[in-house]
Amino acid sequence: MIKIVHYINQFFAGIGGEEKADIKPELREGIVGPGMALKAAVGNEAEIVATVICGDSYFNENLETAIKEILEMVKKYNPDLFIAGPAFNAGRYGVACGTICKEVQDKLGIPAVTGMYIENPGADIFKKDVYILSTANAATGMRQAVPAMAKLALKIVKKEAIGTPAEDGYLPRGIRKNLFREERGSKRAVNMLVAKLKGESFETEYPMPDFDRVAPNQPVLDIAKAKIALVTSGGIVPKHNPHRIESSSASKFGKYDIAGVMDLTEEAYETAHGGYDPVYANLDADRVLPVDVLRDMEKEGVIGELHRYFYTTVGNGTSVANSKKYAAEIAQELIKDGVQAVILTST
Amino acid sequence: MRLELGKVFIKDMQFSDQTMVKDGTLYINKQELLNAISGDDRIQHIELDIAKPGEATRIMPVKDVIEPRVKVEGPGGIFPGVLNKADVVGSGKTNVLKGAAVVTTGKIVGFQEGIIDMSGIGAEYTPFSKTCNLVITCTPIDKLQQHEHEQAIRFIGLKAANYLGEAARNVNPDETKVYETLPFAEGIKQYPDLPKVAYVYMLQTQGLLHDTYVYGVDAKKIIPTIIYPTEVMDGAILSGNCVSACDKNPTYNHCNNPVIEDLYERHGKDYNFVGVIITNENITLMEKERSSNWTAKLAEFLSLDAVIISEEGFGNPDTDLMMNCKKISAKGIKTVLITDEYAGRDGASQSLADADKAADAVVTAGNANEVIELPAMKKIIGYTEPADTIAGGFAGSLRPDGSIVAELQVITGATSELGFNKLSAAQL
């Protein structure tokens with residue numbers, strides 16, 4: 001029997017409205033409020049072992065404490081599944097449902113599902129991390145929402161294949177998944193072109209994301225005193241690529257010591273990058289990672305010093321999400337090491 | 001310009017003592033073919049094989065795939081400016097060995113090149129599991145530089161296709177299709193009330209091993225220009241690249257450009273397909289600005305109402321795609337884009353390296369980062385060792401049992417941005 005812990009707010013627990021929104025988390029054995037409908041929906045397959053109730057104001061105003069308290073409560077029951085809400089269009093409740101579902105998933109490793117209206121602020125924040133069933137904007141939609149939420153949750157806990165958002169009713173999470181369509185791509189493009197020309201409706205297959213444009217930092221005030229690091233997506237690595245950074249879609253970055261290295265020679269360095277002709281980079285890796293020039297500048301006093309390590313990865317086919325992750329880790333180390341400026345080279 | 005494309009359907013391929021087509025079988029005289037493609041002293045050995053659909057055969061690392069064609073009537077020959085004189089092609093009659101292909105393989109050139117599986121799950125992703133393939137394995141001399149190696153093999157592949165194409169010269173085609181595009185002013189008169197549509201054809205030109213040739217000219221040195229769609233069918237554009245094989249256009253795909261075919265389908269009904277603008281994907285900002293300025297200018301010059309823009313490659317060329325889209329849209333011309341995606345193995349990342357709000361009509365050929373497991377094959381033509389290092393592979397891609405786990409990137413033509421396949425991606 002699948003064990004479920006259910007999370008609801010003070011309102012759905014029948015404790016009160018806004019005036020009771022500051023109540024602390026409390027744990028009740030068994031079913032409360034919408035848990036009744038949930039129990040009916042899961043039938044004999046699962047059992048709601050406990051319900052956690054928390055005031056929406058309390059949760060959002062005491063985030064860290066509330067999360068800690070609730071996780072303790074959930075942990076006690078060691079459930080197979082965690083369900084929160086549905087929150088419909090209640091903003092603070094939605095954010096609470098999303099937050100606690102993500103925490104339960106991440107910290108306890110228990111699958112979690114919630115439900116809310118697409119315009120609930122919690123939907124946008126958490127749809128990538130948590131399966132959120134798409135519901136109506138008010139509690140009148142409870143009768144449709146709960147069985148659908150239960151169905152999706154059971155699928156997830158039983159590790160069954162999850163269908164498309166349209167098939168399984170959840171809010172699109174922004175996860176790209178391959179599939180075969182009826183027509184080849186060129187035909188679909190022509191169909192889309194004709195629809196666009198005629199002013200008819202069409203659906204783009206890849207909606208544009210909000211593009212992350214990075215504003216340049218303030219200039220370094222005194223470059224002659226600055227410690228400068230080299231970071232590259234051009235794939236320069238010690239000969240034979242010791243950490244086997246992939247030629248495309250890199251799953252890691254490398255950090256290499258260049259203390260005393262005055263020049264990147266053909267014997268000692270090469271590129272792991274698969275997206276450009278490697279001949280010239282392999283002959284002289286300084287072309288991509290200019291250690292030689294920076295050593296000269298160090299000697300001439302143009303720069304303070306060249307940082308002892310360089311960081312490298314392969315940009316070719318590496319997803320933006322992974323690139324961001326590597327950059328965040330590299331930046332933290334560089335700051336810790338007192339680096340003031342970075343020369344980023346790409347290929 | 002009017003071209004009759006005569007298709008001679010090939011269902012089988014065999015080595016024989018005479019090169020000819022008979023009852024749907026392409027017979028190949030091995031020695032004669034060898035004579036036709038040998039002579040480059042940069043290559044020390046050439047091996048010939050045949051790979052047919054359904055066989056437990058893996059070809060890797062694949063450099064190019066080429067369809068055998070022959071000009072039967074009209075000026076010029078196949079692959080003008082390369083194997084034949086630089087006559088303007090695209091008119092008269094051309095015969096095609098439909099169902100046959102030349103595939104070049106051999107020692108890895110760089111980190112490049114792809115995989116063709118003739119059966120199993122991998123076969124579902126590559127168009128070239130459905131063709132009877134004459135596979136050429138070339139062994140270069142020691143210490144041959146990569147770009148020399150690439151060039152030598154490129155020419156061997158083209159020569160082989162040219163040689164085999166001759167077998168179609170005197171055969172009555174099983175099917176003939178006529179494609180015609182009028183000179184611009186006449187074309188406008190023909191369908192004065194239909195919206196004017198063109199195809200913006202982006203060619204991979206990021207540098208050595210990432211090159212495309214137009215009438216023999218390295219396309220990174222061209223200014224965007226206009227060509228008749230039928231010129232492409234006679235091999236005016238050919239591939240000199242095989243980097244991240246999933247979304248590079250082999251010469252086969254250029255000759256069979258599906259955007260051109262599908263635009264012709266509804267020409268004269270829903271729109272007036274007036275021609276093709278070719279452009280490049282160079283690496284510096286100035287070059288990108290210049291080329292996208294020119295595509296937009298040419299689109300305006302032709303008084304277009306809408307264009308389809310296809311990309312080749314990913315990352316760096318994503319910026320060219322967006323610049324083309326933005327600048328053409330800004331002229332009041334509607335755009336539809338064809339691309340593929342690099343959304344990470346989990347599909348959770350942003351898919352392209354650039355974005356623009358004008359790109360509101362996009363066709364995607366799938367997420368090339370998605371991981372696929374290819375079963376071991378009985379026969380290997382080429383070498384499987386590069387599985388760990390080709391684009392899309394990683395440490396451990398080649399398993400001891402001969403199976404390969406890698407990103408879809410490794411499969412030749414899998415996420416063709418010409419829209420060659422049905423593969424796509426959706427939001428979950």
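Q: Which word fits Phe253(A) and Tyr311(A), buried or exposed?
A: Both residues are buried, a word that stands for under 20% relative accessible area, with exposed meaning over 50% and partly exposed in between (1.4 Å probe, protein chains only). The model is predicted, so local features need pLDDT of at least 70 and side-chain atom pairs pLDDT 80 or more, while totals for chains, interfaces and linings use all residues. Residues are numbered from 1 along each chain as its sequence is written, chains are lettered from A and ligands numbered from 1 in the order written, and side-chain values use heavy atoms, without hydrogens or water.

Q: How many aromatic pairs are there over all chains, and what makes two rings a pair?
A: Rings of Phe, Tyr and Trp (its six-membered ring) pair if their centres lie within 6.5 Å; planes under 30 degrees apart are stacked, over 60 edge-to-face, and the rest tilted. That rule gives 16 aromatic pairs over all chains.

Q: Why is the pair of Phe253(A) and Tyr311(A) called tilted?
A: Their ring centres are 6.1 Å apart and the planes stand at 50°, so the pair is tilted.

Q: What makes this pair a tie between parts of chain A?
A: Phe253(A) lies in the loop between strand S9 (236-238) and strand S10 (254-257), and Tyr311(A) in strand S12 (residues 305-312), so the pair ties together parts 58 residues apart in sequence. Strands (E, at least two residues) and helices (H or I, at least four) are DSSP runs, numbered from the N terminus.

Q: Why is the pair of Tyr269(A) and Phe310(A) called tilted?
A: The centres of their rings are 6.4 Å apart with planes at 55°, so this pair is tilted. Tyr269(A) is in strand S11 (residues 269-271) and Phe310(A) in strand S12 of chain A, 41 residues apart.

Q: How do you know whether Tyr269(A) and Phe310(A) are buried or exposed?
A: Tyr269(A) has 8% relative accessibility and therefore counts as buried. Phe310(A), at 0%, is buried.

Q: What makes Lys297(B) a charge over the ring of Trp294(B)?
A: The rule asks for NZ of Lys or CZ of Arg within 6 Å of the ring centre and within 35 degrees of the ring normal. The charged end of Lys297(B) is 3.2 Å from the ring centre of Trp294(B). Lys30(B) lies over the face of Phe15(B), at 4.6 Å.

Q: How many helices and strands does chain B have, and how does its radius of gyration stand against the globule rule?
A: Chain B has eight helices and 26 strands. Its radius of gyration is 21 Å, close to the 22 Å of the globule rule for 428 residues, so chain B is as compact as a globular protein of that length. The radius is taken over C-alpha atoms, and the rule is 2.2 Å times the number of residues to the power 0.38.
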